[in-house]
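Me: I'm new to this structure and would like a close look at a single part of it. Could you pick one helix, walk me through its charged residues and then show me what lies around it?

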Amino acid sequence: APAAIAEVVPGAKIIAILREPASFLRSFHLQMVSSGVETERDFAKALALEGERRRGRSIPRGSHNPASLMYSEHVRYAEQLRRFHDHFPPEQVLVLIYEEFRADNQATLGTVLRFLEVDRDQPLAQVDTPPLKEVRSGLLHRVTAEMRRARKNQAGAGRLARAADAALPGLLRPPAVRAGWRRLAYAPQKPADPELMLELRRRFKPDVQAAGDYLGRDLVSLWGYEDID
């Protein structure tokens, strides 16, 4: 991708935002399940499937890009940044740290606007997004997703999706029924499994060290990896 981008828009400005790997992958897995790309709702089991999937097996039917399910590849930060630096000068690549963005949203926004040479005096509204819920029922989640797609594009939706979109909104109109549907389909995020997160931190500590060395930043301390052996 970096080579293709540079060929088409050599003056492109690239922004990368890096997050502590274990937390990022947990969030990424939830997003993949929500978008229908991943069908294994258990995070640990999805990670364990990576070897099978490298051999072309256990690929979800709805996964249009199986490479996205190679979870460990997403946190090779130094390698990924190097690909962009091979095609773009340093002044065209801005690297941000997610945790710093969360700690001081406005300061990070100011950095981005300066980098993009955008007028910083223009007012920008802050948007708060609710945390992503876990999928409790794969079937109800798929029905909900199909209804949303049908609502956005009737012509491109399948017959079943159009029928569901036509029938269910009326059935789901009472607030109590809608709330019941959501409770059946979705659940609040469960706390992260501390043992699994520690295992992932051990596994990805070399990647954190490599990214810190590459950027000249102490990401080991920033992300709390000092005592991980």
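Reply: Let's start with R54, which lies in helix α4. Before going on, a word on what you're looking at: this is a predicted model, where local features need pLDDT of at least 70 and side-chain atom pairs count only at pLDDT 80 or more, while totals for chains, interfaces and linings use all residues. Residues are numbered from 1 along each chain as its sequence is written, and side-chain values use heavy atoms, with hydrogens and water left out. Helices (H or I, at least four residues) and strands (E, at least two) are DSSP runs, numbered from the N terminus.

Back to R54. This arginine is partly exposed, with a relative accessible area of 48%. (Buried means under 20% relative accessible area, exposed means over 50%, and partly exposed is in between, using a 1.4 Å probe and protein chains only.) The C-alpha atoms of R54 and P66 are 8.8 Å apart, and these two residues are twelve residues apart along the chain.

R54 also has charged company: together with E50, E73 and R203, it is linked in a network of salt bridges. A salt bridge here is a side-chain nitrogen of Lys or Arg within 4 Å of a carboxyl oxygen of Asp or Glu. One link to look at joins the side chains of E50 and R203, at 3.9 Å from N to O. E50 belongs to helix α4 (residues 50-54) and R203 to helix α11 (residues 194-215), so this pair ties together parts that are 153 residues apart in sequence. Their surroundings are worth checking too: E50 is buried, with a relative accessible area of 4%, whereas R203 is partly exposed at 40%.

Now look at E52. This glutamate is partly exposed, at 25% relative accessible area, and has salt bridges to two arginines. With R55, the N to O distance is 3.2 Å; with R57, the closest N and O atoms are 3.1 Å apart. R55 is exposed, with a relative accessible area of 53%, and R57 is partly exposed at 42%. For the wider picture, a search of the whole structure finds eleven salt bridges.

Moving along the chain, you come to S58, in the loop between α4 and α5. Check the backbone here: S58 has a positive phi of about 60 degrees, although it isn't a glycine. That's worth a second look because most residues other than glycine have a negative phi. S58 counts as partly exposed, at 39% relative accessibility. You can find another positive phi at E117, about 55 degrees, and that residue is not a glycine either. E117 sits in the loop between α7 (105-116) and β3 (134-135), and it is exposed, with a relative accessible area of 66%.

Helix α11, where R203 lies, also leads us to the largest nonpolar core. That term means a set of buried Ala, Val, Leu, Ile, Met, Phe, Trp, Tyr and Cys residues joined through side-chain atoms within 4.5 Å. Among the 27 residues of this core, Y71, L200 and W223 touch the most other members. The elements that give two or more residues to the core are β1, α2, α3 (43-48), α5 (77-85), α11 and α12 (219-222). Its largest share, six residues, comes from α11.

Strand β1 is on that list, so to speak of its partner next: β1 (residues 14-18) and β2 pair in the parallel sense over five bridges. Two strands pair if DSSP finds at least two bridges between them. To see one of the contacts, find I17, whose bridge partner in β2 is L96. Strand β2 (residues 93-97) is mostly covered, with four of its five residues buried.

Helix α2 gives residues to the core, and α2 also supplies the largest share of the lining of the second largest pocket, seven residues. A pocket is found on a 1 Å grid over the protein atoms alone: it is an open set of points where a 1.4 Å probe fits, with protein on both sides within 12 Å along at least five of seven lines, and lining residues have an atom within 4 Å of a point.
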